[in-house]
Amino acid sequence: MTKDVLISIRGTQYSQGEEPQVIELTTEGKLSRSGDVITVSYTETEVTGMEGVVTTFRVEGDRVELVREGQMNSVMTFVEGEKTESLYDLGFGAMLLGVNARKVSAQLRDDGGTLFVDYSVEIEHVPVGSNTYEIAVRESLKS
């Protein structure tokens with residue numbers, strides 16, 4: 001099952017000593033289900049600074065993966081209360097990225113729903129800040 005959807009995203013980045021940076025956008029994308037796995041994907045635009053990169057949120061039970069493919073490639077895994085590490089490939093080099101998921105809530109169904117992730121970030125084992133994603137998905141009029 002794959003559907004056209006509208007995805008509203010509010011991403012907030014918190015860095016020590018700086019005002020939070022907020023990016024809000026609404027974009028078209030796809031919602032898919034395969035067994036117990038639901039994915040929400042869209043193509044980034046110039047608004048996010050990652051134009052052309054395909055971003056996919058993959059939800060399976062209490063585990064959420066954020067996959068980016070294109071000029072940059074990464075997989076971040078969020079499981080509430082756990083720290084995970086992965087390589088963040090920027091195309092010209094890679095760095096070790098650690099994420100500690102403080103809160104993960106996925107209420108996605110075949111017709112849309114919400115996803116919330118709150119996590120802290122380390123680069124090469126050095127804390128650099130924290131981020132939240134608040135995502136709302138609803139069926140597109142195209143469906």
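Colleague: How many bridges join strand β7 (residues 83–89) and strand β8 (residues 94–109)?
Modeller: In this predicted model, two strands count as paired if DSSP finds at least two bridges between them. The strands themselves are DSSP runs of E over at least two residues, numbered from the N terminus. For β7 and β8 the sense of pairing is antiparallel, and the number of bridges is seven.

Colleague: What pLDDT must side-chain atom pairs reach to be counted?
Modeller: Residues are numbered from 1 along each chain as its sequence is written, and side-chain values use heavy atoms, with hydrogens and water left out. Totals for chains, interfaces and linings use all residues, whereas local features need pLDDT of at least 70 and side-chain atom pairs pLDDT 80 or more.

Colleague: Which residue of β8 is the bridge partner of Tyr88?
Modeller: The hairpin of β7 and β8 has four residues between the strands, and Gly91 takes a positive phi near 95° there. Thr84 is bridged to Val99 in β8. For Tyr88, the partner in β8 is Met95.

Colleague: Which residue of β7 stands opposite Asn73?
Modeller: Strand β6 (residues 73–79) pairs with β7 in the antiparallel sense over two bridges. Three residues lie between β6 and β7 in their hairpin, where Gly81 has a positive phi of about 85°. The residue of β7 opposite Asn73 is Asp89.

Colleague: Which residue in the turn between β4 and β5 has a positive phi?
Modeller: Strand β3 (residues 37–43) pairs with strand β4 (residues 54–60) in the antiparallel sense over seven bridges, and Thr39 has Arg58 as its partner in β4. Seven bridges also join β4 to strand β5 (residues 63–69), again antiparallel, with Phe57 bridged to Leu66. The β4–β5 hairpin leaves two residues between the strands, and the turn residue with a positive phi, about 60°, is Gly61.

Colleague: By what angle are neighbouring strands of the barrel turned against each other on average?
Modeller: The strands from β1 to β10 follow one another in a closed barrel of 10 strands with antiparallel pairing. Direction ignored, the average turn between neighbouring strands of this sheet is 25°. Here axes are lines fitted to C-alpha atoms, and angles in general run from 0 to 180 degrees between N-to-C directions; the value asked for is 25°.

Colleague: How many residues apart in the chain are Lys30 and Asp4?
Modeller: A search of the whole structure finds 12 salt bridges (a side-chain nitrogen of Lys or Arg within 4 Å of a carboxyl oxygen of Asp or Glu). One of them joins Lys30 to Asp4, at 2.3 Å from N to O. Lys30 is in strand β2 (residues 21–34) and Asp4 in strand β1 (residues 2–14), and their separation in the chain is 26 residues.

Colleague: Is Asp4 buried or exposed?
Modeller: Buried means under 20% relative accessible area, exposed over 50%, and partly exposed in between, with a 1.4 Å probe and protein chains only. Lys30 has a relative accessible area of 38% and is therefore partly exposed. At 19%, Asp4 is buried.

Colleague: Which residue forms a salt bridge with Arg33?
Modeller: Arg33, with a relative accessible area of 31%, is partly exposed, and its partner, at 32%, is partly exposed too. The closest N and O atoms of the pair are 2.6 Å apart, and the partner of Arg33 is Asp110.

Colleague: Which residue is linked with Arg10 and Glu134 in a network of salt bridges?
Modeller: Glu44 and Arg68 form a salt bridge with the closest N and O atoms 3.8 Å apart, and both residues are buried. In the network that contains Arg10 and Glu134, the further residue is Glu24.

Colleague: What is the angle between the ring planes of Phe57 and Tyr133?
Modeller: Rings of Phe, Tyr and Trp (its six-membered ring) pair if their centres lie within 6.5 Å; planes under 30 degrees apart count as stacked, over 60 as edge-to-face and the rest as tilted. The structure holds three aromatic pairs. Phe57 and Tyr133 form an edge-to-face pair, 5.6 Å centre to centre, with an angle between the planes of 75°.
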